[in-house]
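Colleague: I would like a close look at a single part of this model, with the cut-offs stated.

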Amino acid sequence: MPRSARSFADDIRARSDEQLRALLRARRDLARPAPADVTALAARAATRASVQRALENLTADQLRVLEALVVGGQDEAAALLDAPARAVRTALTRLWDSALVWRSPEGYRAARAVPEILGTPARLGPTVRELGVRDRSPDAPAAYETLSPAARSAVDRLRWSSPRASFDGESARSIRDELVQAGLAAPTDDGIVIPREVGLALRGGRLYRDGLTPPTVPASVLSQTDVDAAAGAETLELLWRVEALALLWESDPPRVLRSGGLSVRDHRAAATALEATPALAAFVIEIAYAAGLLGPDGDFEPSWLPTRLYDEWAAAAPAERWATLAAAWLDTARAPSLAGTNSPQGGVINVLSTDVGWPMMRNRRLDVLQILHDLDEGTVAATDFVDAMLHWRRPLRLPEGAPTRADEVLREAAWLGITGRGALSSPGRALIDGGDAAAAIAAALPVAVDHVLLQADLTAIAPGPLTEDLRRLMQLAADVESRGGATVYRFTESSVRRALDTGIPAAELIAKLSDASRTPAPQPLEYLILDAGRRHGQTRIGAAGCYLRNDDAATLDAVVADRRLSPLQLHKIAPTVVVSPAHPGTVLEMLRQHGYSPVAEGADGHVVHAGRDHPRAPQRRESSAGVRLDSVDDRVIDQLLTRLRQGDAVAAQAAQKEGPRIPSTDPTVTLTRLHDAVADRAPVWIGFVDTDGELRRTLFRPERVEGGRATGSVGDGNERRTFSIHRISGVVPA
């Protein structure tokens, strides 16, 4: 049990090192930038911005206990929530750890900024004192029974939802008058407001219907082996689709829209090629982009192409490839589910456009995965349960009725293999825990087979996932006809020609397929490959950077035979024509350096000046990840704690002289300390700039802080003064 203190600041200063560590772990924003001492830490912990951030991280049960403390105090909190006193005390201890409450001689009290931020705790209205009306709460239940059906229906709608309502129309105004006359509401300019005491009486003295009861945990549980098997199958499908997308865009790159992103037509074409729905195709494209595997080529009319990083990714093992995609999904602030929906500005949101970004998506994924992680292994989490848990764990960020996008996150997690059959997979659990996710997915992947079954109808059946070498061979030499438990490949003239284009001779291709097949190579397949091999390469196309022509064949022979020009790789294709893969400017310069006198000509045969291309820096791909924040881990917290204690020691030494040292404080911290001093009726030392521009100090007992001014008595007497906040350089407790 923490000891009582005179004020919130005293409560913070009295904490032990371990208690301060708990505070900094719960509210890591207090460590950036590092406060000078514990007094500065207490001032920052009381600021509205920091308290707001801490409140947004509370779960519903903790928030409800805090609301009960604000409404009725510590003694009435358990009754207001209809909850065990032990559960309330446990929640109050956690709230004290986060410095959202402090221990006064009268019991726990909420930090000063908490009621201001909550506004209407538990959707209750202002108190009768704030409204300036008489307390009619003892008669509220009886008055409710005497209401007309219409007025009673209005109270039923407002009882748990809102203390305020407006009424338009003659009949509605009659209901308003009836509620006011019954003493259940106070009139306002545009309607009514139900006083807090009356609202509590109408609720039977409870803040919430369900107290501190969280959503019911689902009872459906699967074998973790079955979950991992389903996740492994989804992983192979995703890896195949990313590779298929890269091959598609490598051969036929789509254009980048002027506004950025991918056109709807190219999106649909990708979905057809990947045998996927538009939503799944958008996910594959976005996840590949987030992992750096796709990007614009940077041309004058840019296109989407695989990056150099894709080649490294494709050469890695399947588990490593999956780990790259999974890490990118967790890290990216893009929401692929937005692709294809209507933009607030009008029109459709295109894949890969800036409109697909949603900064909250990363935190939402982590929240959803943490919910799955906290369940027992193999527990199937339905969307309704995850949605309810998100509202329970983030009640201020996700008030009742706010969309959570839980269905979208769960769908993407299933496509990625982080979940299987609705439950968290072992690779997904390792990903959340920071373990070896690649090893976990490697164990979950189906056992690869090293053979296929060649058929006489120019098809091949793969009875399972193939080994990497065999899969690449089949992907090169055949087209996928169907997928499932077994994959059916079909050999065509174009697919065989695709394999021959890589330099594999026809005989070698037949030998590789025969070695990989459990059945003999059928004669139709051999005929197809041999026939394609005979026609392959009869007509040849090459690339040349420039040509040299001279009617004197002997001069060209001398140029080709000159060893000094061997870097140009000159090749004679006709008695009077020589070609080179080098740039025309390079050839022109080297020939002149070695005693020849060439000139450059254009396509029309006229002499032109052959210049060089200007070098260009490689395009820097914009990162799709969001803002990075420095982590506040235990090492940083220990260093900060040492600094805080050193700052306290320096302040204590300075206080032994003429009053304490008064360091400069931020205006926000100054206001917070003055507000605390008014609430606690405690004196403070202030440094201020007088009318002569001199920096002075005095003992100040503030009585009121408003309008940018602080009023109170100074010194040991009763002299009253008013200081402008902007003239106060610093504040420290007396």
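Colleague: Does Trp304 count as buried or exposed?

Modeller: Trp304 counts as buried, because its relative accessibility is 4% (buried is under 20% relative accessible area, exposed over 50%, partly exposed in between, with a 1.4 Å probe and protein chains only). The model is predicted, so local features need pLDDT of at least 70 and side-chain atom pairs pLDDT 80 or more, whereas totals for chains, interfaces and linings use all residues. Numbering starts from 1 along each chain as its sequence is written, and side-chain values use heavy atoms, without hydrogens and water.

Rings of Phe, Tyr and Trp (its six-membered ring) pair with centres within 6.5 Å; planes under 30 degrees apart are stacked, over 60 edge-to-face, the rest tilted. Five aromatic pairs result from this rule. One of them joins Tyr289 and Trp304: the ring centres are 6.1 Å apart and the planes stand at 90°, which makes the pair edge-to-face. It connects distant parts of the chain, with Tyr289 in helix 16 (residues 278-290) and Trp304 in strand 7 (residues 304-306), 15 residues apart (DSSP runs numbered from the N terminus: helices H or I, at least four residues; strands E, at least two). Tyr289 also counts as buried, because its relative accessibility is 10%.

Elsewhere, a single aromatic cluster is formed by Phe688, Phe700 and Phe723. Two Trp rings have an Arg over the face (CZ of Arg, or NZ of Lys, within 6 Å of the ring centre and within 35 degrees of the ring normal). Arg15 lies over Trp96 at 3.8 Å from the ring centre, and Arg697 over Trp685 at 5.2 Å.
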